[in-house]
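Thanks, everyone. I'll put the model up and walk through it region by region.

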Amino acid sequence: MSELLLDVENLTLGFRTERGLARILDGASLRIAPGQVMGLVGESGCGKTTLARAILGVLPAGGARIDGGSIAFRGRDLLREDPAIVARDLRGRAITFIPQDPFSSFNPVFTIGDQMMDLMKWKSPRRKGEGRWPALLQPYPRARRRADMEAVLEMLAAVQLPNPRAILRKYPHEVSGGQRQRLMIAMALLPEPDLVIADEPTTALDVTIQAQILGVIRRLATERRVAVLLTTHDLGSAWEICDAVTVMYAGQDVESAPIDAFFAAPAHPYTTRLLESLPRAPEEGGAADVGGIPGEVPSPLAQPAGCRFHPRCDRATEACRVVRPEETQLAAGHRLRCYHPRLPA
Ligand SMILES: Nc1ncnc2c1ncn2[C@@H]1O[C@H](COP(=O)(O)OP(=O)(O)OP(=O)(O)O)[C@@H](O)[C@H]1O
């Protein structure tokens, strides 16, 4: 396991609500190798964003309670490290973020150039040994500023933004949604991270732009050997760019597989139902009008015992209603939690 970049094991956390503790993650595990593009998929509300936020260390202050598990990044358990050290050394540097909505992530009153250079002042990989001045007094050494500006211009070209110098002089509202998301990708990669968390990065964009943005993320991840965690409810996006996929259901991982096995030989009944619910043309054997998976995702305040998918599963037996299945390994990188998997004949 030592070759893993990120190893989330049995993470259990909840949010305090007026109706009690809503346990959103309950024994969730997720593993990412260096340079791997991992998709995290599952129906709305299964906890994808919450898991991404836990890894980033940006859960709502005071509202979230972590009850167990670990988040090991390069072998360091982020839950047991000093939060100040995680914030200083890892967040925004070794682990960065591409948000859903690129517009709300920019400050409308500063130019794009000001905002990118402000990021570089603090998060540049060239920032070393500059002492611990109070933030307001911290100088931005001229030589580093010049080198950082070169890196910014090179990165804007890498995300295929035309005329980078002119873009830096613009305000966020003066560029398109697709360009803003390219800027967000650039800002996530400039600190030269090991892991980028992309939380539904194309949801706010129109369909023609979505594939381009996914293509940019995939190309740069490969070129720069950066691992990516892509949360998405869109299996098509996962197919476009992922090396592997982890499936979540009701706050728990149920299956994790390399991308080919995920689409060609899914084993968990939930994964197969997810894939069957993809719209396909009737000549491909798909229903033109897809109603999704019968039944409902359980409430976080009243989760069923055993395998959480059992009330919606046509293979469920008594065992499924009592104890959550242990993780089993079907093949290299293909892990599963199910008593009655669909295995190839
Ligand atoms: N701060 C919070 N307080 C209470 N409940 C929360 C909070 N944040 C999220 N939740 C609940 O946690 C559950 C999981 O939400 P999360 O956003 O992680 O799911 P998701 O799988 O990313 O869904 P989507 O695909 O819709 O973004 C939901 O039921 C949500 O209402």
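Start at N10, which sits in strand β1. Keep in mind that this is a predicted model. Phi of N10 is near 50°. That is a positive value, and the residue is not a glycine. Is N10 buried, exposed or in between? It has 14 C-beta neighbours inside 10 Å, so N10 counts as partly exposed.

Stay with β1 and turn to the ligand. Two strands and a helix, β1 (6-17), β2 (20-32) and α1 (48-56), each supply at least two residues of the shell around it. Which element gives the largest share? That is α1, with 3 residues. The shell has 16 residues, and F15, S44, K48, T49 and T50 come nearest to the ligand. By character, the shell divides into 6 nonpolar, 9 polar and 1 charged.

Now the domains. The domain assignment gives two of them. Domain 1 comes in pieces: 1-94, 194-279, 292-308 and 328-345. Domain 2 is 104-190. How far apart are their C-alpha centres? The answer is 29 Å. At the contact, domain 1 puts in 14 residues and domain 2 puts in 11. On the domain 1 side, helix α7 (residues 207-224) gives the most, with 7 residues. That side of domain 1 divides into 10 nonpolar, 2 polar and 2 charged residues.

So let's look at α7 itself. The helix has 18 residues, which at 1.5 Å a residue should span 26 Å. Its end C-alpha atoms are 26 Å apart, which agrees. The buried residues of α7 are Q210, I213, L214, V216, I217 and A221. Why do they fall on the same side of α7? They cover an arc of only 155° around the axis. As a general point, an α-helix has 3.6 residues a turn, so residues three or four places apart point the same way. On the other side of α7, T208 and E223 are exposed. What covers the buried residues? The cover includes the strands β3 (37-41), β7 (195-199) and β8 (227-232), along with the helices α6 and α8. After α7 comes R225, and its phi is positive, near 50°.

Over to domain 2, residues 104-190. Look at helix α4, residues 142-158. The helix has 17 residues and reaches 24 Å from its first C-alpha to its last. That is close to the 24 Å expected at 1.5 Å a residue. Which residues of α4 are buried? They are D148, A151, V152, M155 and L156. They cover an arc of only 135° around the axis, which puts them on the same side of α4. Their packing partners are α3 (112-123), α5 (164-168) and α6 (177-189). The face turned away from that buried side carries exposed residues: R142, A143, R146, E150 and E154.

Follow the chain out of α4. Just after the helix, Q160 takes a positive phi of about 60°. Next stop is N163, in the loop between α4 and α5. Phi of N163 is near 50°, again positive in a residue other than glycine. N163 has 10 other C-beta atoms within 10 Å, so it is exposed.

Then A166, in helix α5. A166 counts as exposed because it has 11 C-beta neighbours inside 10 Å. How far is A166 from G113, C-alpha to C-alpha? The two are 9.3 Å apart in space and 53 residues apart in sequence.

Last region: helix α10, residues 269-276. Its buried residues are P269, Y270, T271 and L274. Among the elements covering them are α8 (235-241), β9 (244-249) and β10 (252-258).

One of those buried residues, P269, is touched by C313. Where is C313? It is found in the loop between α10 and α11 (318-322). C313 counts as buried because it has 20 C-beta neighbours inside 10 Å. Leaving out residues up to four places away in sequence, C313 touches P269 and C320. Take H268 as well: C313 and H268 are 45 residues apart in sequence, yet 9.9 Å apart in space, C-alpha to C-alpha.

That's the tour. Questions, please.

Note on methods:
Residues are numbered from 1 along each chain as its sequence is written. This is a predicted model: local features need pLDDT of at least 70, side-chain atom pairs count only at pLDDT 80 or more; totals for chains, interfaces and linings use all residues. Domain bounds come from an automatic or database domain assignment. Two residues are in contact if their C-beta atoms, placed from the backbone, lie within 7 Å. Helices (H or I, at least four residues) and strands (E, at least two) are DSSP runs, numbered from the N terminus. Ala, Val, Leu, Ile, Met, Phe, Trp, Tyr, Cys and Pro count as nonpolar, Asp, Glu, Lys and Arg as charged, and the others, Gly among them, as polar. A residue is near a molecule or strand if its C-beta atom, placed from the backbone, lies within 6 Å of it. A residue is buried if 20 or more other C-beta atoms lie within 10 Å of its own, exposed if 12 or fewer, and partly exposed in between; C-beta atoms are placed from the backbone. The expected span of a helix is 1.5 Å times one less than its number of residues. The arc is that of the directions from the helix axis to the C-beta atoms.
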